[in-house]
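Open the model in your viewer and keep the selection box at hand. The tour goes stop by stop.

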Amino acid sequence: MSEELGMECGVFGAVNYEDQPIFPYIYWGIRAQNHRGHQSHGFLTYNEEKFHLHRSLDLVPKIKTSAIQEWFGRLPGHVGIANVRYTTSGKCDEKSLIKGTQPVTASRNGLKLAISFNGNVVNTIQLKKEIDRSFRGFSYECDSDLICHKLLIELDKTKDLSKAVKACMEEIDGAFSVAGVTQNGDFFAFKDPHGIRPLCAGHNENRTTFAFSSETVSLDINGLERDFELEPGELVRVSKNGFEREQIVNGKQRAFCAFEFAYFARPDSLFDGKYVYEAREESGRNLVRENPSIVKDADIILSIPETGDDSALGAHEASGLRWERASRRHRYVTERAFLLLSKDRRSTIDRKINILAPKVNGKRIIITEDSIVRGDTTKVTLAKLRRMGAKKVYMFVTFPRIIGPCFYGVDMATYGQLIGSKLNAEEIAEAIGADAVCYQSIEGLVKATGLRRDQLCLGCITGKYPTPLAQKIADEMRKRFLEGYEETGRLYEMEEALQNV
Ligand code: SF4
């Protein structure tokens, strides 16, 4: 049922050394990641020293058979990058969304760059000032522009991609997983020194096609084999000989976003040897182990498709309670509700999920849920269940209570929008109309991911952030928030928020 927040972007890029058009690869690759952002999409290919760009709003479109040749003609070349985006920086009006659509390009002194980016920059104000000195009147609608221009400035200074990437890694506070193409058609990718967002690499059977992708599902759909997940602080270049890996920055603490496992990534994606659905099923089993008295008092388990389904299966296995498929999804309302702009949110949730009254009438129900952010949509669903005669409704929530904003690409960027920033589990239960809200413990979640606690970002559930500026802003603004200060926008975009840090 989740809900309510937006995520950043999905990245896919590929090169083919048999001179086959790359467009089909990047088309299918990015379409498989539409769950990572549906406000806009874009493709960029490189051919004969030119970038060819198509960018548009909404979901990646279906392509009519009659229009295939037109698409090939518009996007020629054997190397390309693609992106799907949801806004976590910049404005959300239509004009700004169009302007902020990726991939983005930048050029200077005969150098040219195009990038597709996933993440979020925290020190935007400082970076914008710096870029403005080289590109007078620089304005941007997407952090991707900041990264692309910063990289280009450094490339212009050093004429060396490794040194340029190093400067970005050392001077940008935030999360960035990037795939890019240069004016020579060189194809590369890199990840921030904490490795907050995913980015993996893969190849085809005869090693003539190489790709980078936010999630492995896009490799699968293209028949590519996964090679590796990029290391934090790593730059990878591609040539006919395959991947050339270079560790640019060492020694920072790895901090992979734990929320990817709980919510964002597709269940059939693989991170570091573990499928996302496995982590979710294990979370369901953990919740049963952590809450025996609630399990004893319940008749059925129910999930709102699809994000709670895997943990519902785990909870069903561990408890023996029937997993009742009492809620059905409208097949053609494809938007993930959380991805919608706020004005559309509530109505879509009501329209896409239907609940079968006979299955819940008179029952004590455990609902498995991936997260509670604002709580407003959860409240709507619980009210619906009560109207249909549910006797008790308990919430099993995979992701622990969210107490602080995300600075790294998930659109929960203020304390005020988070129900968990002020209320504890009991108070939240009361506010949303549940008999109890049971969050998975942080230890349980960590164990379910298969990673160690010190390899994960848990910033929004612990208040401990991996990058210094994010930590300072979070601490300062939390203090102010608890004193009654009203946040007027995303914390990392508020000049005021940055004044005392
Ligand atoms: S703060 Fe939360 S949502 Fe953001 S990267 Fe860290 S774990 Fe993920």
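Helices (H or I, at least four residues) and strands (E, at least two) are DSSP runs, numbered from the N terminus. This is a predicted model: local features need pLDDT of at least 70, side-chain atom pairs count only at pLDDT 80 or more, and totals for chains, interfaces and linings use all residues. Residues are numbered from 1 along each chain as its sequence is written, and side-chain values use heavy atoms, with hydrogens and water left out.

**Stop 1: an unusual peptide bond**

Select Gln102 and Pro103. The peptide bond from Gln102 to Pro103 is cis, with omega near -5 degrees. Pro103 lies in the loop between α3 (94–99) and β5 (104–108).

Now select Glu49. This residue is in the loop between β2 and β3. Its phi is near 65 degrees, a positive value in a residue other than glycine. Most residues other than glycine have a negative phi, and most peptide bonds are trans.

**Stop 2: the antiparallel sheet**

Select the strands β3-β2-β4-β1-β10-β9-β11, in that order. These seven form an open sheet with antiparallel pairing; two strands pair if DSSP finds at least two bridges between them. Which strands stand at the edges? They are β3 (50–57) and β11 (225–229); each has a single partner strand, so one side of each is left without a neighbour in the sheet. From one strand to the next, the twist averages 15 degrees. Angles run from 0 to 180 degrees between N-to-C directions, and axes are lines fitted to C-alpha atoms, for helices over the stretch in contact.

Zoom in on β9 (residues 200–203) and β10 (residues 209–213), antiparallel strands joined by four bridges. Here His203 stands opposite Phe210 in β10. Next, add helix α1 (residues 23–31), which packs on the sheet and touches β1 (9–16), β2 (40–47), β4 (79–85) and β10. Contact means heavy atoms within 4.5 Å. The direction of α1 makes about 160 degrees with that of β1.

**Stop 3: the parallel sheet**

Select β18-β17-β21-β22-β23, five strands that form an open sheet with parallel pairing. The edges are β18 (322–324) and β23 (436–439), each with a single partner strand, so one side of each lacks a neighbour in the sheet. The twist here averages 30 degrees from one strand to the next.

Three bridges join β17 (residues 300–303) to β18. Leu302 has Glu324 in β18 as its bridge partner. Add helix α15 (residues 425–432): this helix packs on the sheet, touching β22 and β23, and its direction makes about 135 degrees with that of β23. Helix α14 (residues 376–387) lies across β17, β21 (364–369) and β22 (392–397), running at about 150 degrees to β22.

**Stop 4: the ligand**

Select the ligand. Its surroundings include Arg197, Phe259, Tyr408 and Cys457, where near means a heavy atom within 4 Å. α8 (258–264) and α17 (459–462) each supply at least two residues of this shell.
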